[in-house]
Amino acid sequence: MELDENIIAQVKQIFSNLKHNYKFKVSCNSATDIGKQMVEFFTEFSTASERLSIEVEDINSEKAETALIKAGVPTGIIFRMIPGGHEFTSLLLAIMNADGEGKTLPDEATISRIKRLKGEITFNTYATLECTNCPDVIQALNQMALYNDNIASVAIDGNLAVAEAEALGVKSVPTVFANGELVWIGKGSLGEILDKLEEKFGSEEEITPQEVKKLDLIVIGGGPAGAAAAIYSARKGIKVGVIAQRVGGQVKETTGIENVISVIHTTGEQLANDLKSHMQDYPIEIYESRTIEYVELKEKEKTIKVKGGEVFSAPQVIIATGARWRRMNVPGESDYIGHGIGFCVHCDGPFFKDKDVAVIGGGNSGIEAAIDLAQVCRHVDVFEFLDTLKADTVLQEKAKSLPNINIHLSQQVMEVTGNGKTLDGLVVKDRITGEEKHYKEDGVFVQIGLQPNSEVFIPQVGSNNRGELKVDAFCRTDIPCVYAAGDVSSVPYKQIIIAMGEGAKAALSAFDDRIRLL
């Protein structure tokens with residue numbers, strides 16, 4: 001990546017107030033192309049501040065890596081990549097976070113959990129510079145390295161370590177190994193990954209007990225519905241807290257957004273940032289990187305407990321936890337997630353250049369995925385369970401115009417097959433004839449809709465057969481002073497703009513009930 005003058009000028013402004021000195025220690029064979037490029041990149045990048053410098057260690061290896069050193073002490077952050085593309089932000093944040101000035105720094109409760117992780121851990125994260133999900137994972141692990149001296153985070157460009165990635169069976173990014181063991185595949189927030197690491201490595205006990213955080217209203221979820229609910233509630237002058245894995249929720253997985261009225265075009269990342277900025281303009285307490293462990297909603301004072309030990313209480317709760325990608329739930333699927341089965345076309349599509357892939361689902365997301373994959377893959381099979389496609393007509397026409405896309409209707413996936421390491425195909429049943437056929441595929445992208453994140457609430461809150469929390473026209477559930485909004489609720493049409501409206505409606509209903517019932 002070549003850094004032009006405009007980029008350097010912007011970085012100079014960002015780094016104008018650095019408090020500490022940072023060194024990029026580049027270890028490489030400077031005679032190789034990647035070694036030369038890495039030295040050139042970090043040499044040029046270092047001109048952005050007098051606080052930055054570079055040291056080159058010549059080694060006899062094909063590997064090239066750069067360690068970030070703060071005031072002479074290793075931070076544990078290492079780049080086995082030239083961090084351009086989406087990872088340029090990861091480099092910037094690594095320095096800003098190390099300096100204590102990053103805007104994405106975790107709060108004290110989350111830092112405490114990071115520090116209490118047991119043992120020495122080295123993360124190797126395989127990524128690509130085109131991946132939109134990789135930066136979140138890499139930045140989360142980099143933060144862990146900053147706050148725990150026993151943790152190292154190594155970000156690896158899979159395109160520069162092809163043989164290594166293939167030997168490990170990596171077919172999806174981001175893929176994270178901890179001390180050589182696979183621990184994470186795909187998108188993830190700091191809170192989600194931290195939950196997984198606490199289960200695997202264990203955690204030291206909290207020395208001091210947590211106090212219950214009391215609020216007037218708790219919003220669970222930080223996506224469009226949750227943000228709207230929090231803002232509308234805060235404008236009424238009540239004490240609001242938002243508990244979320246990450247602000248933005250599933251919106252962050254969307255690359256282009258063009259149907260939020262009055263906003264001609266935005267991205268999921270930008271919209272998530274805008275949601276957070278809007279909430280921060282009000283006295284809203286945001287508790288990010290939290291996973292709900294237990295809820296008690298039937299009492300007058302509702303109680304929410306999160307992993308790590310924090311407890312929150314309020315007389316009213318708005319549930320806006322959204323949804324996640326639905327899986328096929330067929331034999332072999334779980335065995336090959338990250339080893340042939342993917343959910344993000346933009347992240348994992350490049351792994352299947354000139355190969356045969358399948359897309360499961362004929363809705364908008366499935367047909368859009370097929371069209372994108374057709375640009376890089378040799379052949380794309382689309383399998384739809386129904387006898388017609390659900391995608392918009394314009395998308396259907398585009399897909400049918402591409403010679404390397406085949407659309408199969410009335411098809412049911414029965415099994416994912418493979419050699420135990422990588423996927424090699426699908427067993428698909430024709431729902432009309434009953435005939436089963438094996439299709440050879442190098443990769444499979446599942447695009448069959450959403451599953452509501454409602455499991456922790458269902459034992460107490462009424463739900464329908466799809467797992468959506470049932471609400472009335474005012475977003476009220478069957479429990480007094482408990483509301484649901486957005487994709488987790490039974491309201492039809494899962495759209496950003498609808499979720500925002502439902503979040504606002506839930507907040508107004510809660511305020512009305514607050515006046516009448518509390």
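Okay, let's start with one contact: aspartate 99 makes a salt bridge with lysine 19, and their closest N and O atoms sit 3.8 Å apart. Aspartate 99 is in the loop between helix H3 (88-98) and helix H4 (108-115), while lysine 19 is in the loop between helix H1 (5-14) and strand E1 (22-28), so this pair ties together parts that are 80 residues apart in sequence. Keep in mind that what you have on screen is a predicted model.

Now, which of these two partners is buried and which is partly exposed? Aspartate 99 has a relative accessible area of 4%, so it counts as buried. Lysine 19 comes out at 41%, so that one is partly exposed.

On to the next pair. Aspartate 107 forms a salt bridge with arginine 290, and here the closest N and O atoms are 2.8 Å apart. Aspartate 107 belongs to the loop between H3 and H4, and arginine 290 to the loop between strand E12 (285-287) and strand E13 (292-296), so we have a link between distant parts of the chain, 183 residues apart. As for burial, arginine 290 is buried, at 3% relative accessibility, and aspartate 107 is partly exposed, at 26%.

A third one: arginine 514 and aspartate 216 meet through their side chains in a salt bridge, 3.5 Å from N to O. How many residues apart in sequence are the parts this pair ties together? Arginine 514 lies in helix H13 (residues 496-517) and aspartate 216 in the loop between strand E9 (213-214) and strand E10 (217-220), so the answer is 298. Both ends are partly exposed: arginine 514 has a relative accessible area of 22%, and aspartate 216 has 24%.

Some of these bridges also share partners, and that joins Asp107, Lys213, Arg290 and Glu310 into one network. For the whole model, the count comes to 27 salt bridges.

Let's switch to pockets. The second largest pocket holds about 1500 Å³ of space. Its lining has 47 residues, and those nearest the centre are Thr104, Gln139, Lys252, Glu269 and Asn273.

Where does that lining come from? H3, helix H5 (134-147) and helix H9 (268-280) each give at least two residues to the lining of this second largest pocket. The largest share is from H9, with 9 residues.

And what kinds of residues line the second largest pocket? They split into 21 polar, 14 nonpolar and 12 charged. That's my tour, thanks!

Technical notes
Residues numbered from 1 in each chain as written. Predicted model: local features only at pLDDT ≥ 70, side-chain atom pairs only at ≥ 80, totals over all residues. Heavy atoms only, no water. Salt bridge = Lys/Arg side-chain N within 4 Å of Asp/Glu carboxyl O. Helix = DSSP H or I, 4+ residues; strand = E, 2+ residues; numbered from the N terminus. Buried < 20%, exposed > 50% of the residue type's maximum accessible area, 1.4 Å probe, protein only. 1 Å grid on protein atoms, 1.4 Å probe; cavity = no way out; pocket = protein on both sides within 12 Å on 5 of 7 lines; lining within 4 Å. Points joined across faces, edges and corners; volume = space filled by probe spheres on them. Nonpolar A, V, L, I, M, F, W, Y, C, P; charged D, E, K, R; others polar.
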